[in-house]
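Work through the exercises below with the sequence and the coordinates open. Each task is followed by a stepwise solution.

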Amino acid sequence: MTEKKKFVRIKCSDCENEQITFRHVSSKVECMVCGAPLAEPTGGYSEFNGEIVEELGVSEEGE
Ligand SMILES: [Zn+2]
């Protein structure tokens, strides 16, 4: 049984704001508070610029 982690809680390295975003982002995600880049898409995986505080899974099996 595979557990899917679809979201991450990421902490901004500039202002320490925590915000939840997709693990695989399709476009650049910026901090809602200070505007620093938090995540950006890179060839199928996301590059995170802040600290990942928590990974959030989903229980439903969609596929
Ligand atoms: Zn910030």
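**Exercise 1. Identify the residues of the largest nonpolar core and the strands that supply them.**

Step 1. The largest nonpolar core holds seven residues: Val8, Ile10, Cys12, Val29, Cys31, Leu38 and Ala39. A nonpolar core is here a set of buried Ala, Val, Leu, Ile, Met, Phe, Trp, Tyr and Cys residues joined through C-beta atoms within 7 Å. A residue is buried if 20 or more other C-beta atoms lie within 10 Å of its own, exposed if 12 or fewer, and partly exposed in between, with C-beta atoms placed from the backbone.

Step 2. At least two residues of this core come from each of strand S1 (4-11) and strand S4 (37-42). Strands (E, at least two residues) are DSSP runs numbered from the N terminus, as are helices (H or I, at least four).

Step 3. The model is predicted: local features need pLDDT of at least 70, side-chain atom pairs count only at pLDDT 80 or more, and totals for chains, interfaces and linings use all residues. Residue numbers start from 1 along each chain as its sequence is written.

**Exercise 2. List the contacts of Cys31, leaving aside its neighbours within four places in sequence.**

Step 1. Apply the criterion: two residues are in contact if their C-beta atoms, placed from the backbone, lie within 7 Å.

Step 2. Cys31 then contacts Cys12, Asp14, Cys15, Asn17, Gln19, Ala36 and Leu38.

**Exercise 3. Describe the sheet that contains S1 and state how open S6 is.**

Step 1. Three strands form an open sheet in the order S2-S1-S6, with antiparallel pairing; two strands pair if DSSP finds at least two bridges between them. Strand S2 (18-22) and strand S6 (51-58) are the edge strands, each pairing on one side only.

Step 2. Seven bridges link S1 and S6 in the antiparallel sense. Val8 has Glu55 in S6 as its bridge partner, and Arg9 stands opposite Glu54 in S6.

Step 3. S6 lies largely in the open because the number buried among its eight residues is zero.

**Exercise 4. Describe the sheet that contains S4.**

Step 1. The order is S3-S4-S5 in an open sheet of three strands, again with antiparallel pairing. At its edges stand strand S3 (29-30) and strand S5 (45-48), each with a single partner strand, so one side of each has no neighbour in the sheet.

Step 2. S3 and S4 run antiparallel and are joined by two bridges. Val29 has Ala39 in S4 as its bridge partner.

**Exercise 5. Summarise the chain.**

Step 1. The chain has zero helices and six strands.

Step 2. Of its 63 residues, 13% are buried.
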